[in-house]
Amino acid sequence: MINGDDDMDGREVFSAGGRFLRGNVHTHSTRSDGARSPGDVCAHYRDMGYDFLCLSDHFLAKFDFPITDTNDYRGDDFMTILGAEIHAPQNSQGEIWHVLACGLPADFDPPFPDERMEALAARARDAGAFVGIAHPQWSSLTIEDGRALADVAHAVEIWNTGCALETGRGDGTALLDQLLNEGHRHLSGYATDDAHLKIPDSGGGWMMVKAERNEPRALLSAMKAGLYYSSQGPAIAAIQTVGDTLTIRTSPARMISLVGRGSRAETAFSDDGSLTSAELSLQRFVGDWCRLIVSDGEGRHAWSNPIFPG
């Protein structure tokens with residue numbers, strides 16, 4: 001890993017200081033191919049009760065390489081982070097890469113001639129951005145694609161509302177799990193909308209970031225450290241380890257499950273969706289990894305970041 005990042009663990013967010021803040025970090029406006037102006041998009045998310053938003057317009061020449069200025073839309077109860085969806089040739093499908101760079105400086109340079117995505121993503125990371133491998137299923141990314149960016153990315157996009165609604169390809173957990181199998185323990189997994197607001201593609205997936213303050217520096221620091229979980233609706237209230245057991249508290253759920261390498265899983269299930277706690281054994285995951293998935297009665301999920309039992 002570059003920059004010497006420590007391994008993260010999905011349990012740490014529940015003992016960390018600060019408070020949970022709801023945010024969407026992959027969104028578009030009329031500065032690229034979105035349907036609404038930057039101000040309208042920010043107002044839309046603020047009105048839905050979000051605490052922060054990153055407008056990540058497509059960083060392409062045809063849009064004049066925008067890093068959309070949203071500073072004027074910040075308020076006491078709503079924060080914005082500058083960023084972009086960056087692109088460079090080429091993934092395994094012969095197409096341009098799509099990579100989220102949340103937290104770019106306003107003067108970030110466009111891609112250099114012949115600059116590959118590995119170098120562009122590293123440059124974005126060095127400039128302070130939280131770097132995510134965007135919509136891997138929509139892009140049909142292979143494990144080789146994942147390996148190419150695994151050491152420069154902070155995270156994999158494990159849910160994308162727009163891709164789910166438009167193509168049925170919203171889930172990106174498979175790439176994250178394959179990279180975890182190969183030892184990339186620093187990677188986390190985030191949910192987002194990728195909203196263009198041409199269809200009802202907002203409010204379907206978000207991050208719950210634990211930060212001391214609702215301001216860009218604190219939010220980005222927490223995101224890079226994996227101090228968040230992701231959700232489409234369910235809340236995860238606590239994850240604690242007692243001996244070789246994981247104790248979990250959630251909002252009402254139908255399923256609370258730990259999943260890991262291959263088919264390894266430990267699950268609690270209630271057909272009426274009344275589960276609010278579970279105690280699941282960690283024995284099958286010791287020395288490896290697992291992730292918590294919570295599903296409510298409407299089929300909406302919440303995901304912890306990877307957990308590494310000792």
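Strand 11 and strand 12 (residues 245-253) are paired in the antiparallel sense over 6 bridges; helices (H or I, at least four residues) and strands (E, at least two) are DSSP runs, numbered from the N terminus, and two strands pair if DSSP finds at least two bridges between them. The model is predicted: local features need pLDDT of at least 70, side-chain atom pairs count only at pLDDT 80 or more, and totals for chains, interfaces and linings use all residues. Residues are numbered from 1 along each chain as its sequence is written, and side-chain values use heavy atoms, with hydrogens and water left out.

Within the pair of strands 11 and 12, Ile236 stands opposite Thr250 in strand 12. An open sheet is formed by 3 strands in the order 11-12-15, with antiparallel pairing. Its edge strands are strand 11 (236-242) and strand 15 (275-281), each of which pairs on one side only. On average, neighbouring strands of this sheet are turned by 20 degrees against each other, direction ignored; axes are lines fitted to C-alpha atoms, for helices over the stretch in contact, and angles run from 0 to 180 degrees between N-to-C directions.

Strand 5 (residues 99-102) is covered on both faces: Val99 and Ala101 on one side and Leu100 and Cys102 on the other are all buried. Buried means under 20% relative accessible area, exposed over 50%, and partly exposed in between (1.4 Å probe, protein chains only). In a regular strand the side chains alternate between the two faces of the sheet. Strand 5 pairs with strand 4 (residues 79-86) in the antiparallel sense over 4 bridges, and the bridge partner of Glu85 in strand 5 is Leu100. Strand 5 is also joined by 4 bridges to strand 6 (residues 130-133), and these two strands run antiparallel. Here Cys102 stands opposite Phe130 in strand 6.

The largest nonpolar core (a set of buried Ala, Val, Leu, Ile, Met, Phe, Trp, Tyr and Cys residues joined through side-chain atoms within 4.5 Å) has 53 residues, and those with the most contacts inside it are Val25, Cys102, Phe130, Val209 and Ile256. A second, separate core of 40 residues includes Ala124, Leu175, Leu187 and Trp289. Leaving aside neighbours within four places in sequence, the residues in contact with Cys102 (heavy atoms within 4.5 Å) include Val25, Cys54, Phe130, Leu220 and Met223.

In helix 6 (residues 216-224), Pro216, Ala218, Leu219, Leu220, Ala222 and Met223 are buried. Glu215 caps the N-terminal end of helix 6, with a side-chain oxygen 3.0 Å from the backbone nitrogen of Arg217. Gly226 follows helix 6 and has a positive phi, near 75 degrees.

Met207 lies in strand 9 (residues 206-211) and is buried, with a relative accessible area of 0%. Outside its neighbours within four places in sequence, Met207 is in contact with residues including Val25, Phe130, Met223 and Tyr228. Met207 and Phe14 are 193 residues apart in sequence and 14 Å apart in space, C-alpha to C-alpha.

His135 is placed in the loop between strand 6 and helix 3 (143-150). His135 counts as buried because its relative accessibility is 3%. Beyond its neighbours within four places in sequence, the contacts of His135 include His26, Glu85, Glu157 and Cys163.

A search of the whole structure finds 0 disulfides (pairs of cysteine sulfur atoms within 2.5 Å). Cys163 is in no disulfide, and the nearest cysteine sulfur, that of Cys54, is 16 Å away. Cys163 counts as buried at 5% relative accessibility, and Cys290 is buried with a relative accessible area of 0%.

Notes: Polar contact = N/O pair within 3.5 Å; in protein donor to acceptor, adjacent residues only side chain to side chain.
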